[in-house]
Amino acid sequence: MKKQQHASKKITISAIKADIGSIGGHIKPSKRVLATVEEYVKQNGSDMLIDYKISYTGDDILILCTHTKGKDNKEIHKLAWDAFKAGTDTAFDQGLYGAGQDLLKDSFSGNIKGMGPAVAELEFFERPNEPFLMFAADKTDPGAYNLPLYLSFCDPMHNSGLILSSNMAKGFRFDIMDVSYTKADKVISLNAPEESYQIAALLRDPERFVVEKIISRETGEQAVSVSTTRLHNIAGTYTGKDDPILLARTQGAFPATGELLSPYHIGHFVAGFMRGSHTGPLMPVKQNTSVSFFDGPPVVSCAAYCVHNGKLTSPADTFDHPFWDHVRNNISAKAIELRRQGFYGNAMLPYSELEYGGIVTTLKSLEKRFVVRKK
Ligand code: F6R
Ligand code: MG
Ligand code: MG
């Protein structure tokens, strides 16, 4: 039998996604655009990548790749940027809707973060067996992961390992970003379990406070990386929801795969849905699923992989299981129930989060017509 050892060189997993145009509205990318992105990565990435996979969730294309160049690497980010540019040319060629939507800058400036595409990256020495998950959500924003991450890393109701295993006894450190601060990254580190009430106090406001990273306090290793981009902070105006991705290492000192999936049966209400301006339940879907009802509902896919010497297995599509059909039916019922009240109250996001300017103009013009009655 072969002896299994930790790898001697760190590998990096980079997941980079963008909406560069879709068929029939903001629904799903075309086969030709996907093929263009894949072909570009294949032709131009062979000397820098160990492996890669291309997939989509809703209208977003994901490039998942492995390499040894570390996080925030210029060459890797440029490869993804150029692949999305090539895909955008095809999208224009086919007359796809929203062609190039998430490519918010004219030229590549060294790091794809802050240019529109979402990025999540993990760098580590591979364990002899290295399972990890890639979540991809559409029609929502990065705060959508706040509740599932809290439940998977702080709550034994979802993570039984917190009480059954000694591997997680010291708990986890949460790095949480205040995404309303746009001058630079503004981040706080809080430790679970001691500060789990403080963590909850921040994560209850998912439009402002977003989990960026989670670190194992047993091993010091990073368990989770979330893309924290807010597109309207970059563009200064509405350009689509942020449609976040998340990478998570699983098993051993990290939660089990099923413990990370567990909270998704809730179908918690998130911001997004139609025009990025509504509330809807987050529906776990198979990889390569489009959106539909009311440009939604907000969806999340999760591909599970093992990586060995940087080589990726084929994905196990975690939400492609009969259990999740039942969950999806319940979540459809939740979505319909909330949609019944249309624009009213909690069905639509508060004024500060509305992604379209029309209502702002209306309210401004009405303001002038208000009369303050004399006593
Ligand atoms: C939400 C989303 C869609 C669009 C809607 C209108 O994130 O992408 O719901 O907002 O289809 O699209 P536009 O403004 O492009 O006509
Ligand atoms: Mg879109
Ligand atoms: Mg999208």
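In the predicted model, Asp59 has a relative accessible area of 1% and is therefore classed as buried. Asp19 likewise counts as buried, because its relative accessibility is 1%, a value under the 20% cut-off applied to buried residues.

Both aspartates contribute to metal binding: the magnesium ion designated ligand 2 is coordinated through OD atoms of Asp19 and Asp59, at 2.0 to 2.3 Å. The two residues are 40 residues apart and link distant parts of the chain. Asp19 belongs to the loop between strand 1 (10-18) and helix 1 (31-45), whereas Asp59 is located in the loop between strand 2 (51-57) and strand 3 (60-67). Asp59 additionally serves as a bridge between the magnesium ion of ligand 2 and the magnesium ion of ligand 3, and the separation of these ions is 3.6 Å.

The environment of ligand 1 was examined next. This ligand is surrounded by 11 residues, of which His26, Tyr97, Arg275, Asp295 and Tyr356 are the closest. Classified by type, the surrounding shell comprises 5 nonpolar, 2 polar and 4 charged residues.

Oxygen atoms of ligand 1 are approached by polar side-chain atoms of several of these residues. For Asp295, the distance from such an atom to a ligand 1 oxygen is 2.5 Å. The corresponding separation is 2.7 Å for Tyr97 and 3.0 Å for His26. In isolation, ligand 1 exposes 400 Å², and 79% of that area is buried by the protein.

Terms used: Residues numbered from 1 in each chain as written. Chains lettered and ligands numbered in written order. Predicted model: local features only at pLDDT ≥ 70, side-chain atom pairs only at ≥ 80, totals over all residues. Heavy atoms only, no water. Near = heavy atom within 4 Å. Polar contact = N/O pair within 3.5 Å; in protein donor to acceptor, adjacent residues only side chain to side chain. Areas by Shrake-Rupley, 256 points an atom, 1.4 Å probe, with all protein chains shown as cover. Nonpolar A, V, L, I, M, F, W, Y, C, P; charged D, E, K, R; others polar. Donors = N, O, S within 2.8 Å, 3.2 Å for Na, K, Ca; no water. Helix = DSSP H or I, 4+ residues; strand = E, 2+ residues; numbered from the N terminus. Buried < 20%, exposed > 50% of the residue type's maximum accessible area, 1.4 Å probe, protein only.
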